[in-house]
Structure formats: C-alpha cells, structure tokens
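The following paragraphs lead the reader through one region of a protein chain and then through the chain as a whole. Please keep the sequence and the model in view while reading.

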Amino acid sequence: MSRNTVAEQLVRTLLAAGVTRVYGVVGDSLNPVVDAVRTTDGIEWVHVRNEETAAFAAAAQAQIDGKLAVCAGSCGPGNTHLVQGLYDAQRSGAPVLALASHIPSPQIGTGYFQETHPERLFGDVTEFRELVSRPDQMPRLARIAVQHALGTPGVAVLVLPGDIAGRKAVGPADTTPVTAGRATAWPSEDDVRELARRINEADTVALFCGAGVRHAHEEVMALAGQVGSPVGHTLRGKEWIQYDNPYDVGMIGLLGYGACYEALKDADLTVLLGCDFPYDEFLPKHNVVQVDHDPRRLGRRVPIRLGVHGDVAATLRALRPAVRRKKDDTFLRDMLRRHERALTRAVDAYTKNIEHHTPIHPEYVASILDSLAPDDTVFTVDTGMNNVWAARYITPNGRRRVIGSFTHGSMANALPHAIGAAYAAPGRKVVSMSGDGGLSMLLGELITVRQHGLPITTVVFNNSSLGMVRLEMMVDGMPAFETDHAPVDYAKVAEAVGMRAIRVEEPQDVREALHEALTANEPVLVDVVTDPNALSVPSRITADQVTGFALSAGRTVLHGGVGSMIDLARSNLRNIPRP
C-alpha cells in the first residue's frame with residue numbers, strides 16, 4: 001500500500017521518464033527508495049555486488065538503448081563505490097542518473113557515521129549534483145536531474161538523505177515529458193566554404209574518424225571516394241566507420257594497426273571527424289582541420305588550421321557540392337597497399353602452428369570468437385590487452401556493438417558493462433571479453449549474472465598476468481614486476497556459483513567451446529588459458545620503445561594479428577572504386 005513518501009514520488013517520476021530499472025546494492029539510507037521500487041509496477045531493482053558495477057551497468061545500458069539509466073548507492077561507501085563507474089559513464093557520454101543517498105539530514109556536518117560530502121565527492125563527475133533537503137523540493141529536482149542527464153548527455157547526481165526519502169511527499173510525481181537527444185548542429189556557410197577550399201587545394205587528404213561519425217557513415221564514404229582519401233579511425237570510431245569501408249587503413253595509437261599512422265603523417269591535409277583522440281603524439285601537427293558537434297573539442301589535441309562546429313553528417317552533406325573530385329588516386333592506393341602488407345605480416349603471428357601452440361594465442365581466441373558470434377552481438381571489453389584483441393579482431397558490421405571503458409580506462413568494466421547490456425538488449429547475444437585481472441577485481445558479479453539468469457557469455461583470457469602493465473613496463477625499459485600471479489581456474493569459480501563453465505587449455509578445443517557457449521541461452525563462462533607472452537606491439541614503434549624493449553628483462557613479445565580484417569584489406573586493394 002502506498003504511503004506517498006518522497007521516495008515513492010521520486011520513483012514514479014523516474015518511471016514517467018522511461019526508467020524501468022535501478023542498479024544498486026540495497027541498504028540503510030537507501031531503504032525507502034528500494035521499498036518504493038518494490039511497490040511500484042513497471043520498475044525493478046537489479047541487485048549487484050558492488051555499486052561500481054551498478055554505475056558501469058547503467059552506462060552500458062544507456063549507450064545501447066540511448067535512454068536514461070539509473071544507479072544508486074547508499075550513504076558513505078556506497079557513494080564512493082559509484083564514482084568509478086560514473087567517471088566512465090560521463091566520459092562515454094552515457095545519460096545516467098545516480099541516486100546518492102545520504103546520512104540523516106540533522107547529522108550532516110557533524111562527522112556522523114559514514115558521512116561523506118556527495119556534492120564535493122561527485123564534483124569532477126557532473127555539473128549537476130544537488131541535495132534534496134526538504135520534501136517540497138521533490139519532484140522538481142528529480143525532473144531537473146533527469147533532463148540534465150539526457151540533455152548533456154552524461155551524469156547527474158541526486159543526493160537524498162534517508163530520512164527525507166521516508167517523509168510524506170508534497171504533491172504528485174512529475175509526469176511531464178522529458179527530452180532526449182539533441183538537435184542537429186549545422187555548420188556555418190563560411191566554415192563550409194573554407195573547409196572545401198582547403199580540401200580542394202590539398203593534393204592528398206586523409207580522414208580520421210572518431211565516435212562522432214556514428215550517424216555519418218554514408219557521408220564519410222562519399223567524401224572519401226570524392227577526394228581519394230584513406231580513412232582511419234579511433235577505437236571508439238571503429239564500430240561506426242570500419243564496416244563497408246573500401247578506404248580503411250586501420251587505427252593509430254598504442255592499439256593501432258595497419259597504415260593509419262602513415263596516411264595521417266604523409267597527407268597534405270588531415271581532416272579529423274568527430275574524434276577527440278587523446279594520444280596527440282600519434283597525430284600530425286600541421287595542416288589539420290577538425291569537425292565536431294562539440295566546439296570545446298576543437299583544437300584541444302593538436303593545432304588546427306580550421307575548426308568547424310557542426311555534426312559530422314550535416315557538415316559533410318553541406319560540404320559535398322563544393323568539393324571537387326580528385327582524379328589522382330595514387331596516394332590512396334599506396335596507403336591501401338601499405339595497409340594490406342602490414343596486416344599480412346602481422347597475421348602470421350597467430351596463423352602458424354596454432355594447433356600446437358600452448359598456452360593458446362589470445363589472438364586466435366579472439367579471431368574464432370569474431371567468426372562465431374552473431375552479427376548483432378554486443379561485445380563488452382576489459383581494459384588492457386583485451387582492448388587490443390577487440391580492436392584488431394572483432395569485425396564491425398553496423399549492427400554489432402563494442403562497449404568498453406575506452407576513455408576512462410578502468411579495469412574490471414567488461415562484466416559489469418555486460419550486465420547492463422543484457423538488460424538493454426535482451427534479444428541479442430552479449431559477450432564479455434574479460435581479462436583475468438579485470439574479472440578478479442569484481443569477481444562477485446558472476447553471482448549477479450547467475451542470480452538474474454542473464455545469458456551472458458563470459459570469455460576469460462586467462463594469462464595469469466596484467467598484460468598491458470607488463471607491456472608498459474617493458475617499453476619503459478623496466479623488467480616486468482608484480483604483473484604475474486599464480487594460475488586460477490575461473491571455470492571452477494564459476495561452477496561454484498552455479499554457472500555453466502568450460503575450461504580450455506588446448507587450441508583445438510577453442511572453437512567447440514565458444515560455439516557451445518554462444519549457442520546457450522544461459523550464463524556461460526569460458527576460461528581460456530592464454531599465452532602471457534602475447535603482447536601487442538603498436539603499428540608505429542618509436543626509438544625509445546625499441547630501446548625499452550632491448551633493456552627489458554621481459555619475455556618474447558609477439559605481434560598481434562588482425563584476424564579477418566586482412567581479407568577486407570586485400571579486397572579493398574583490389575576493388576577500390578576509381579575516382
């Protein structure tokens with residue numbers, strides 16, 4: 001029976017805004033909110049083992065369905081656990097509302113048990129973090145928080161003391177419509193003319209694409225064909241631009257592969273499209289122009305000759321009539337040949353004698369996973385070497401999603417992200433590409449997956465090592481130290497919590513195990529024992545990195561392969577449309 005509390009008013013307001021679940025850990029100051037969820041039809045509580053997971057899950061859900069997602073943390077430690085996942089959500093542009101409960105309002109400022117200062121704690125995560133100190137501030141503050149999260153899009157934090165949540169509400173819930181998304185940012189005519197002039201005057205042009213090309217695939221391909229431009233991408237841009245792309249030259253950066261670096265370096269003009277690539281040492285420093293819907297990003301990575309404020313698709317549509325078709329495609333063909341050669345050399349690392357190589361090549365596991373996973377799979381990827389395997393082996397097609405902590409770089413994100421993805425996309429296969437380091441950090445979430453019966457396939461790349469940290473030490477000339485640990489049988493751990501689990505130690509068993517897991521409609525963990533010596537080497541190696549490897553007492557470093565993308569590169573080289 002409804003008691004018409006502030007918590008109930010809040011929950012009804014969230015329900016009216018399209019929220020259907022709240023991720024969190026129940027407890028003390030959150031109890032009125034949890035009870036309000038229990039008694040309200042149409043919304044559920046998803047119990048996780050750590051509030052960090054709650055925030056990660058909400059972030060993944062929001063990135064997949066584009067709607068508001070909600071997580072919650074109790075006062076004190078519950079709030080501090082939220083911070084990690086909220087950083088990830090904010091930097092990924094995911095619309096997430098965090099409900100941060102607080103100590104009893106009369107005790108605020110007294111050094112009370114579990115007291116923190118949420119308004120300060122979440123200061124670096126969001127601009128909107130407000131304390132509800134009186135019942136009559138609700139539901140207005142809730143409505144503002146919802147709209148802030150959707151409108152940014154990003155994180156909003158609503159701080160609610162437990163005693164205020166349990167008081168009688170003043171007035172009804174807010175059921176007015178909320179507005180998600182944003183209007184198209186059209187570039188100015190002067191900027192379009194200037195951009196066209198620079199492209200027309202350049203003999204060679206390279207395009208470098210980030211996640212901002214999500215709705216601009218057709219427009220980017222049209223421009224690339226018009227000016228004979230190779231097209232490179234960031235990791236976040238990969239899923240939106242690499243598929244059906246005859247101009248693809250891969251990625252740059254520490255995870256890079258192919259000829260992207262050479263294309264950007266050698267082009268007369270580099271056009272950055274919807275990207276905010278942070279590793280500026282890989283970017284050209286001259287003759288760069290940039291297009292972005294967020295003017296704050298223009299020129300913040302490298303000096304630019306022109307910054308264009310506008311959505312990528314809208315800008316390129318306006319640009320096309322003013323751009324002259326280039327007749328000479330020599331630069332494009334040269335870069336495609338370099339790209340194909342780079343992939344051909346690298347692919348040998350996992351194709352030679354793989355049926356006899358133990359521990360198993362992680363590249364081989366990723367390539368088989370790519371070939372078996374359905375075309376609409378949602379992959380969630382742990383930070384570290386799994387980022388490399390996903391970048392180089394998971395083939396995008398316009399329907400697949402690849403979710404990771406690509407801008408915040410937190411460990412342990414893959415399984416929590418998979419939980420949110422499983423709720424956001426119940427009819428699609430969700431695969432968590434987990435490193436053993438990341439999985440062990442939030443290992444309890446296997447219980448969450450089992451408890452809620454989420455049909456997630458968790459593939460553990462189990463190398464008993466923090467592979468990316470090992471690589472970082474080696475390129476800095478240090479011996480790998482404290483990066484390795486004793487082997488752990490994660491299949492047995494999964495079985496202990498009631499999950500179906502498969503342990504794979506021989507390469508000839510990889511395909512059958514992954515097929516079994518991917519076709520099951522239940523939680524399955526595949527524990528693959530992989531080679532800790534299989535470390536990624538960037539597409540461009542500096543003299544300092546070579547020196548570092550020479551000085552390092554680490555083991556052999558193997559070049560990562562590039563899976564089925566080598567076929568795409570060869571096809572592109574043969575079938576590139578003539579300008």
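In this predicted model, strand β8, which covers residues 231–233, pairs with β9 in the parallel sense, and two bridges connect them. One bridge partnership involves H233, whose partner in β9 is M251.

Strand β9 also has a partner in β10, residues 257–258; here the two strands run antiparallel and are again joined by two bridges. Within this pairing, G250 stands opposite G258 of β10. The hairpin formed by β9 and β10 has five residues between its strands, and G253 in this hairpin takes a positive phi near 100°.

On the other side of β9 in sequence is the loop that contains Q242. This loop runs between α10 (238–241) and β9 (248–251). Is Q242 buried or exposed? Its relative accessibility is 1%, and because buried means under 20%, Q242 counts as buried. Two polar contacts engage the side chain of Q242. One is made with the side chain of K238, at 3.0 Å. The other is made with the side chain of Y257, at 2.8 Å. Y257 belongs to the residue range of β10, while K238 falls in that of α10.

Attention now turns to the nonpolar interior. In soluble globular proteins, nonpolar side chains tend to be buried together. The largest nonpolar core in this model has 52 residues, and the members that touch the most others are L207, F208, V213, V220, I252, L273 and L319. Which residues are in contact with I252, once its neighbours within four places in sequence are left aside? They are F208, H233, C260, Y261, L264, F277, F282 and L283. Among them, F208 is itself one of the members of the core with the most contacts to other members, and H233 is the residue of β8 that bridges to M251. A second core, separate from this one, comprises 50 residues, including L82, V159, L439 and I456.

The whole chain provides the setting for these details. The protein chain contains 23 helices and 19 strands. Of its 579 residues, 58% are buried. When contacts between residues at least 6 apart in sequence are considered, 75% of them join residues at least 24 apart. The chain exposes about 22,600 Å², of which carbon and sulfur atoms supply 50%.

Note on methods: Residues numbered from 1 in each chain as written. Predicted model: local features only at pLDDT ≥ 70, side-chain atom pairs only at ≥ 80, totals over all residues. Heavy atoms only, no water. Helix = DSSP H or I, 4+ residues; strand = E, 2+ residues; numbered from the N terminus. Buried < 20%, exposed > 50% of the residue type's maximum accessible area, 1.4 Å probe, protein only. Polar contact = N/O pair within 3.5 Å; in protein donor to acceptor, adjacent residues only side chain to side chain. Core = buried A, V, L, I, M, F, W, Y, C linked by side-chain atoms within 4.5 Å. Contact = heavy atoms within 4.5 Å. Pairing = 2+ DSSP bridges. Areas by Shrake-Rupley, 256 points an atom, 1.4 Å probe, with all protein chains shown as cover.
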